[in-house]
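Let's take a walk through this fold together, starting with the overall layout and ending in the core.

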Amino acid sequence: MTDQPISRFPVPALSELPEDIRSRLEAVQEKSGFIPNVFLTLAYRPDEFRAFMAYHDALMEKPGNLTKAEREMIVVATSAANQCQYCVIAHGAILRIRAKNPLIADQVAINYRKADITPRQKAMIDFGMKVSQAAYEVGEEDFTTLGAHGFTEDDIWDIAAISAFFGMSNRMANVTAMRPNAEFFAMAR
């Protein structure tokens, strides 16, 4: 990585952050060995940081019919379509770990249709991409297709919500010029 700043907006020092945010960042640092730049960038606006992280956790950390790796597949594919360098690199690293596959993140980011994933996962990402790029085209046939692959109404909601949430995240990462941490490049390779 270069010596460029991690964000075009001010990045508060850890010691300047509200206690709840500082504690969360310190816990992440203790677990992973570093603080992802997304945390530091978003901490510039504490109330928005809290809202962002609450919705992120509600979507990405809950149990359900979508595995954690599948949730990351949606993020990686839609983030690649949105040209979000930060999210492709960061969530690609998480996907490699959760899928226990060092190749999957690059495959999904470059062309998920040719990736080593199941037809069910391709249908899931197809829908996530449609929500990301052309949500106005979503129709009953999408629900029928997903249902044929075993997705429930709640699963379909989750796919749409993940795609929509990360569309917002991709846009903010691009606007803030958020830089990926160098540590992501070595994860699960």
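Read from one end of the sequence to the other, the protein chain runs α-α-α-α-α-α-α-α-α. That comes to nine helices and zero strands. Please keep in mind that this is a predicted model.

**Overall build**

How does the chain's radius of gyration fit with that of a compact globule? For 189 residues a compact globule would have a value near 16 Å, and the protein chain has 17 Å, which agrees. The C-alpha trace spans about 50 × 35 × 30 Å along its principal axes. Of the 189 residues, 45% count as buried. The protein chain exposes about 9800 Å², and carbon and sulfur atoms supply 56% of that area. Contacts also reach across the sequence: among those between residues at least 6 apart, 69% join residues at least 24 apart.

**Two helices side by side**

Helices α1 and α4 make a nice pair to look at, so here are their basic values.

| Helix | Residues | Number of residues | Expected span | Span between end C-alpha atoms |
|---|---|---|---|---|
| α1 | residues 19-32 | 14 residues | 20 Å | 20 Å |
| α4 | residues 68-81 | 14 residues | 20 Å | 20 Å |

Start with α1. Its end C-alpha atoms are 20 Å apart, which agrees with what 14 residues should span at 1.5 Å a residue. Within α1, I21, R22 and L25 are buried. These residues cover an arc of only 100 degrees around the axis, which puts them on the same side of α1. On the other side of α1, E30 and K31 are exposed. What covers the buried residues of α1 includes α2 (37-42) and α3 (46-60). Just after α1, G33 takes a positive phi of about 95 degrees.

Now for α4. How many of its 14 residues are buried? The count is 11, so α4 is largely enclosed by the rest of the structure. The buried residues are A69, E70, R71, E72, M73, I74, V75, V76, A77, T78 and S79. They pack against α3, α5 (85-99), α6 (104-111), α7 (119-134) and α9 (153-176). Just after α4, Q83 has a positive phi of about 55 degrees.

**The nonpolar core**

Which residues touch the most other members of the largest nonpolar core? In this set of 52 residues, they are L25, M73, Y86, L95, V108, M124 and I125. The elements that give two or more residues to this core are α1, α2, α3, α4, α5, α6, α7 and α9. Of these, α9 gives the most, with seven residues. Two of the best-connected core members, L25 and M73, have come up already: L25 is among the buried residues of α1, and M73 is among those of α4.

M124 deserves a closer look. Not counting residues up to four places away in sequence, M124 touches L66, E70, M73, I74, L146, F151 and I159. Of these partners, E70, M73 and I74 are among the buried residues of α4.

**A serine in α9**

Finally, turn to S169, which lies in helix α9. Is S169 buried or exposed? At 8% relative accessibility, S169 counts as buried, because buried means under 20% relative accessible area. Leaving aside neighbours within four places in sequence, S169 is in contact with F52 and C87.

Key: Residues are numbered from 1 along each chain as its sequence is written. This is a predicted model: local features need pLDDT of at least 70, side-chain atom pairs count only at pLDDT 80 or more; totals for chains, interfaces and linings use all residues. Side-chain values use heavy atoms; hydrogens and water are left out. Helices (H or I, at least four residues) and strands (E, at least two) are DSSP runs, numbered from the N terminus. The expected span of a helix is 1.5 Å times one less than its number of residues. Buried means under 20% relative accessible area, exposed over 50%, partly exposed in between (1.4 Å probe, protein chains only). The arc is that of the directions from the helix axis to the C-beta atoms. Contact means heavy atoms within 4.5 Å. The radius of gyration is taken over C-alpha atoms; the globule rule is 2.2 Å times the number of residues to the power 0.38. Accessible areas come from the Shrake-Rupley method with a 1.4 Å probe; for residues, only the protein chains shown count as cover. A nonpolar core is a set of buried Ala, Val, Leu, Ile, Met, Phe, Trp, Tyr and Cys residues joined through side-chain atoms within 4.5 Å.
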